[in-house]
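Visitor: I am new to this structure and would love a close look at one single part. Could you pick a helix and walk me through it from one end to the other?

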Amino acid sequence: MDNQSEKVKGTEKAFNMILPTIYPMITKVEIERMPKLFRMGNPDYTVAIYTTLPSTITDEDYWDNEYWFKDGGSDGVLLDYHYMNDVIIPQLLKYVGMDDMNFSRNVEIYNIDGEHITTA
């Protein structure tokens, strides 16, 4: 395993330890480096965020879905994947010794059934 692969595995482990403490609906984080053929002009990594979000949340109604507003739904925590991608992930990358500028990524959000909801 090369140094970059080790850093990515360490990053994935840190994300799995820290992100669920911020967003309790996160159950698992997986980071995959895209094959070189697919990286030309595209992000190098896919960060897959698996959650307990219900299948009723879709990309079209993500921000307005009643789940975020009903009692007992998200317990008042909104999974703001844009903030997570723009602020929290860069801070975590510094923590594990990676540079945000060298970690181009798509962040994909999945619901409780493992179905894709949206991509940041």
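**A walk along helix α3**

Guide: Let us begin just past the end of α3, where Gly-97 has a positive phi of about 80 degrees. Please keep in mind that this is a predicted model.

Now go back to the start of the helix. Asp-80 caps the N-terminal end of α3, with a side-chain oxygen 3.2 Å from the backbone nitrogen of His-82. Helix α3 has 15 residues, which at 1.5 Å a residue should span 21 Å; its end C-alpha atoms lie 19 Å apart, and that agrees. Along the way there is a kink of about 35 degrees at Ile-88, shortly before the proline Pro-90.

Which residues of α3 are buried? They are Tyr-81, Met-84, Asn-85, Ile-88, Ile-89, Pro-90, Leu-92 and Leu-93. Their cover includes the helix α1 (3–22) as well as β1 (26–33), β2, β3 (105–110) and β4 (116–119).

Tyr-81 deserves a longer stop. The structure holds seven aromatic pairs. In the one formed by Tyr-62 and Tyr-81, the ring centres are 5.0 Å apart and the planes stand at 80 degrees, so this pair is edge-to-face. Tyr-62 belongs to the loop between β2 (45–51) and α3 (81–95), while Tyr-81 is in the helix, so the pair ties together parts 19 residues apart in sequence. Both of these tyrosines, Tyr-62 and Tyr-81, are buried. Ring pairs also join Tyr-62 and Tyr-81 with Trp-63, Tyr-67 and Trp-68 in a cluster.

Terms used: Residues numbered from 1 in each chain as written. Predicted model: local features only at pLDDT ≥ 70, side-chain atom pairs only at ≥ 80, totals over all residues. Heavy atoms only, no water. Phe/Tyr/Trp six-rings, centres within 6.5 Å; stacked < 30°, edge-to-face > 60°. Helix = DSSP H or I, 4+ residues; strand = E, 2+ residues; numbered from the N terminus. Buried < 20%, exposed > 50% of the residue type's maximum accessible area, 1.4 Å probe, protein only. Expected span 1.5 Å × (residues − 1). Bend = angle between axes of the 7 residues up to and from the residue. Contact = heavy atoms within 4.5 Å. Polar contact = N/O pair within 3.5 Å; in protein donor to acceptor, adjacent residues only side chain to side chain.
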